[in-house]
Amino acid sequence: PEDSTRMAMLQAGTVDIIDIGVQYAGELQAKGIKTIIVPNMSSVGITLGGMWPTKPSYDPKVPWALPDKEKARKVRLAMNLAVDAKAIINSVLKGLGEQVPVTNYFYGSPSTDPNWKPYGYDPARARQLMTEAGYPNCFEFTMNLISWPGRTYLPDIGEAVATMLEKNLGCKVKRRPLDRAVFAQDFGARTYPGVGVAYGYPAIGIEPWEEYWAVSYSKGTVALGTEEPELDAFLEKL
């Protein structure tokens, strides 16, 4: 599972092909190793737990899942605006990637709206929104840092996001290193409450609704995003 071991095995001729985190692409290219980078292979985002009303782990006290939808929306938007995604792409991913407004689809495909833009980085507005939501000093939560073979950049992204939320909003973020096997079991069952996790979404669709059906439909195959009756009804109609 260690990237360094994979690269050593490849250079020694023990294996012919490896899957590797994008942050090592430049290093391998510099050593003359043929490297194939596939755009739109996955999207990376912070998944917030406790947002599934039909599951025992639903927690209406979690700021981003409050019954007051407008306050919850402001909390989520504030957390988004407080994170400098471009800086993370440049530092952690070595510039290999782009910020997108929505995860899980091929951004820029003919089926997407060219007017969709990322929120951008605006710490001042983030603090204002968090105050309007009732959390002027933010709150405390846990960030899971997942050990994931081939995606070893995920813990670094989780750490970067946690640091920015602390610096820009005053949040208190506990770091919890977690093995992928443990994470997969809990995540699939949606058993954990208000926790954040940097997750590399492997499922990508040509049209946005394809992945909403899988990740944000309460009866979907994965349903890691959220559960929203209005969205359920829309997807079923579609």
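Colleague: Leaving aside its neighbours within four places in sequence, which residues is Met-130 in contact with?

Modeller: A word on the ground rules: this is a predicted model, where local features need pLDDT of at least 70, side-chain atom pairs count only at pLDDT 80 or more, and totals for chains, interfaces and linings use all residues. Residues are numbered from 1 along each chain as its sequence is written, and side-chain values use heavy atoms, leaving out hydrogens and water. Contact means heavy atoms within 4.5 Å. With neighbours within four places set aside, the partners of Met-130 are Val-75, Ala-78, Met-79, Tyr-135, Pro-136, Cys-138, Phe-139 and Leu-169.

Colleague: Thanks! In what order do the elements of the chain run from the N terminus?

Modeller: Helices (H or I, at least four residues) and strands (E, at least two) are DSSP runs, numbered from the N terminus. The chain has 9 helices and 4 strands. Starting at the N terminus, their order is α-α-β-α-α-α-β-α-β-α-β-α-α.

Colleague: Which element gives the largest share of the largest nonpolar core?

Modeller: A nonpolar core is a set of buried Ala, Val, Leu, Ile, Met, Phe, Trp, Tyr and Cys residues joined through side-chain atoms within 4.5 Å, and buried means under 20% relative accessible area, with exposed over 50% and partly exposed in between (1.4 Å probe, protein chains only). The largest core here has 46 residues, and Met-130 is one of those with the most contacts inside it, along with Trp-64, Met-79, Phe-139, Phe-141 and Leu-165. Two or more residues each come from α3, α4 (85–91), α5, β2, α6 (153–169), β3 (172–179) and β4 (195–201). The largest share, 9 residues, comes from α6.

Colleague: How many residues does the other core, lying apart from this one, have?

Modeller: In soluble globular proteins, nonpolar side chains tend to be buried together. Here, apart from the largest core, there is another that includes Met-7, Leu-10, Ile-20 and Ile-33; its number of residues is 5.

Colleague: Helix α1 catches my eye. Against which element do its buried residues pack?

Modeller: The buried residues of α1 (3–12) are Asp-3, Met-7 and Leu-10. Seen down the helix axis, they fall within an arc of 60°, so they line one face of α1; the arc is that of the directions from the axis to the C-beta atoms. Ser-4 and Ala-12, on the other side, are exposed. The element that the buried residues pack against is α2 (25–30).

Colleague: How far apart are the ring centres of Trp-64 and Phe-139?

Modeller: Rings of Phe, Tyr and Trp (its six-membered ring) pair if their centres lie within 6.5 Å; planes under 30 degrees apart count as stacked, over 60 as edge-to-face and the rest as tilted. The whole structure holds 5 aromatic pairs. Trp-64 and Phe-139 are an edge-to-face pair, because their planes stand at 65° and their centres are separated by 6.1 Å.

Colleague: And how far apart in sequence are the parts that Trp-64 and Phe-141 tie together?

Modeller: These two rings are also edge-to-face, 5.5 Å centre to centre with 90° between the planes. Trp-64 is buried at a relative accessible area of 1%, and Phe-141 is buried at 5%. Trp-64 sits in the loop between β1 and α3 while Phe-141 is in strand β2, so the separation in sequence is 77 residues.

Colleague: Now for charges: which residue does Lys-69 meet in a salt bridge?

Modeller: A salt bridge is a side-chain nitrogen of Lys or Arg within 4 Å of a carboxyl oxygen of Asp or Glu, and the whole structure has 8 of them. Lys-69, in helix α3, has a partner in the loop between α8 (208–215) and α9 (229–237), so the pair ties together parts that are 159 residues apart. At 52% relative accessibility Lys-69 is exposed. With 3.2 Å from N to O, the partner is Glu-228.

Colleague: Which residues are linked with Arg-175 in a network of salt bridges?

Modeller: Side chains of opposite charge can pair when their charged atoms come close. Arg-175 and Glu-159 have their closest N and O atoms 2.9 Å apart. Arg-175 is in strand β3 and Glu-159 in helix α6, so this bridge ties together parts 16 residues apart in sequence. In the network, Arg-175 is linked with Glu-159 and Glu-166.
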